[in-house]
Amino acid sequence: MADVARVESLTKRYGDLLAVDDVSFSVREGEVFGILGPNGAGKTTTLECIEGLVTPTAGAISVLGMDAARDADAVKRRIGVQLQASAYFDYLTLTEILDLFARIYDCAAASADLLRSVGLVDSAGATMEKLSGGQRQRFTIAAALVNDPDLVFLDEPTAGLDPQARRSLWDLVSAMAQDGRTVIMTTHYIEEAESLCDRVAIMDRGRIVALDTPRNLVRSMSDPHRITLALDGVCGADGLRALRSVTDVTAGDDGAFVLRSSDPTETVPALTRWLAESGFALTRLEIDTDTLEDAFLALTGRELRE
Amino acid sequence: MLVLHLTVANLKMILRNRQALFWALAFPLVFVFVFAMIGSFSRSSAVTVGVVDRAKDDASRQLLSGLDAFDVVMRDDEAQARLDARSGDLGYLLIVPERLASLARDAPPASVTLVYEEGRQGAVALAVERALARMDLALAGVSPKFALNTESLASDDLSFAQLALPGLVLWGIMSNSIIGMAVVLANYREKKIFRRIKVSPMRARTFFAAQVMAYLALSLAQAAAIFGIGAAVMRVDLSGNLLAIGLLIVACNIVFLNLGFIVGAFSKTAAAASGLGNLVVLPMVMMSGVFFPLDVLPRIVAAVTRFLPLSPMVEALRGVAIGSKALSDFPLEIALIAAWLALTSMIAVRIFKFE
């Protein structure tokens with residue numbers, strides 16, 4: 001598949017602050033590409049460099065086969081942008097704002113269809129100030145789609161929304177992908193990146209520390225699986241530590257053991273054999289896999305919290 | 001055309017912001033009413049003539065008919081009337097002795113007394129003298145061979161209210177254009193609407209032109225309203241050429257809008273824009289001959305303020321709207337306005353960004 005956006009050695013410096021530090025990646029056609037990271041990681045600056053809002057200090061960016069700096073006007077016509085916390089005109093109705101933006105892009109106004117697609121058809125005659133936070137975010141998505149763009153940028157689309165409003169926004173992003181649009185979005189919610197994005201770039205302190213599908217990011221960790229078990233008698237940890245693919249054993253709550261395993265398909269049969277030999281019976285068994293959050297913690301050394 | 005569509009959208013936004021619209025009109029109109037009141041007050045106090053008429057005969061009636069042009073108040077109590085004249089409640093006090101007609105016939109000269117504040121000269125004393133002279137001639141049976149016609153120079157003799165009205169109009173459109181425009185721009189910046197526009201293909205000059213056209217339409221309506229209401233309330237005769245007045249207002253208002261763009265470019269928030277806008281507006285209003293003529297300022301200050309944008313505008317609009325002069329009578333003023341137009345346009349276009 002063709003690359004819709006390519007970023008090469010992008011660097012942005014604000015005085016002494018290095019906001020984006022030598023970042024390179026490419027976004028494929030039709031994918032939902034996520035940039036995940038804590039506040040101040042450089043996500044928004046990276047996005048705004050690609051959108052043409054911010055002039056990079058160094059590096060090359062191409063969007064839809066065009067040079068982002070040289071062909072900025074042509075690029076603007078084919079991208080849709082939802083900015084973080086941006087408002088629209090106070091005294092115009094939703095329909096009037098969408099009609100005005102359709103004029104700006106010199107394309108046919110389809111405000112009714114756009115409002116229907118984001119579930120705001122009943123508020124067509126209302127002004128922005130009458131909308132709830134979730135409705136406002138949905139409207140900014142409608143406004144980003146006025147020109148039927150090939151590439152859509154969403155900057156923290158669900159920041160500050162309640163869980164229900166967040167779900168309804170996720171549906172909109174999924175719908176965009178189904179329509180064949182490419183989406184580049186930033187987020188600092190792990191579960192958002194996990195459930196929406198085809199690929200995720202993890203950003204920290206201006207750099208990309210990892211980039212892959214959410215599943216591969218987790219898999220790339222050395223021993224991402226956790227086996228928690230409890231026995232009907234007392235024994236030491238040495239026997240368990242010797243099981244195949246087990247890398248570590250720690251004490252869990254209530255006398256349980258927590259085994260770290262690089263491959264549970266080898267560890268579990270070995271555990272069964274060991275139980276038969278040692279005569280112990282299981283009173284508890286849980287097998288689970290680390291989440292993207294654990295991967296993030298391992299990669300950046302810090303938790304992802306607002 | 002995007003620019004027309006955007007102009008209409010801007011006008012909608014202006015008209016829907018009811019509170020701002022109300023004050024844009026109400027503020028200058030409050031001053032129109034205040035100035036109208038000051039004007040009528042000063043007119044009535046100047047010409048009140050108290051008369052103590054003890055004669056009440058043909059001669060006194062003839063004398064008093066000569067004072068028709070003034071506001072005459074008949075008084076009975078001479079002592080009280082003299083006190084009122086001293087305190088200023090009466091501008092003049094005319095005292096007519098008993099039996100004026102018979103005194104003139106039997107023991108001339110029969111004298112009447114006119115009491116007025118020292119240094120106060122004028123029309124009332126002249127009118128009394130003229131009436132007495134006419135009565136002398138009539139008594140002698142001589143018909144007058146000479147007569148004096150008086151003509152007041154209405155077009156040059158402008159009242160305070162008449163002088164003030166064009167300045168109030170300019171002040172109204174100026175404060176609305178500079179502060180209104182600056183606040184709108186700062187608001188767009190504060191709410192990041194500019195950033196949203198910047199990622200769209202809209203050009204800065206399209207945005208600029210649509211803002212200017214919308215505010216020009218508003219200012220022309222505003223000027224018409226203040227001129228209209230002011231002329232009615234202040235009894236000002238608007239004899240000027242409407243086209244010349246309109247052209248002048250358009251040119252002046254573009255200068256104001258450019259200044260608004262410049263102020264807006266330097267203001268991070270709407271509150272800052274309002275403050276900075278007032279800093280530009282208020283000194284100009286004070287120093288450009290809106291409220292008092294430039295001649296009363298110290299010579300050095302006047303020499304500087306004469307070149308502020310508002311000064312030539314007030315001078316030219318006053319002449320064109322009230323004094324029935326043509327634009328060509330103000331070459332210096334028009335040149336100054338044109339210079340400000342060019343300068344502010346250049347700076348505004350260069351400084352404005354969607355940031």
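1. Put chains A and B together and about 2500 Å² gets buried between them, with carbon and sulfur atoms giving 60% of that. Buried area here is the accessible area (1.4 Å probe) that the two parts lose on being put together, summed over both. Keep in mind that this is a predicted model: local features need pLDDT of at least 70, side-chain atom pairs count only at pLDDT 80 or more, and totals for chains, interfaces and linings use all residues. Residues are numbered from 1 along each chain as its sequence is written, chains are lettered from A in the order in which they are written, and side-chain values use heavy atoms, leaving out hydrogens and water.

2. On the A side, 28 residues are in contact (heavy atoms within 4.5 Å) with 24 residues of chain B.

3. Five salt bridges turn up across the A–B interface, counting a side-chain nitrogen of Lys or Arg within 4 Å of a carboxyl oxygen of Asp or Glu. If you want a pair to look at, the side chains of B:K191 and A:D90 form a salt bridge at 2.9 Å, N to O.

4. Now chain A by itself. Its C-alpha trace spans about 80 × 45 × 35 Å along the principal axes. Chain A has 306 residues, and 50% of them count as buried, meaning under 20% relative accessible area (1.4 Å probe, protein chains only).

5. As for how chain A is wired, take the contacts between residues at least 6 apart in sequence: 68% of these join residues at least 24 apart.
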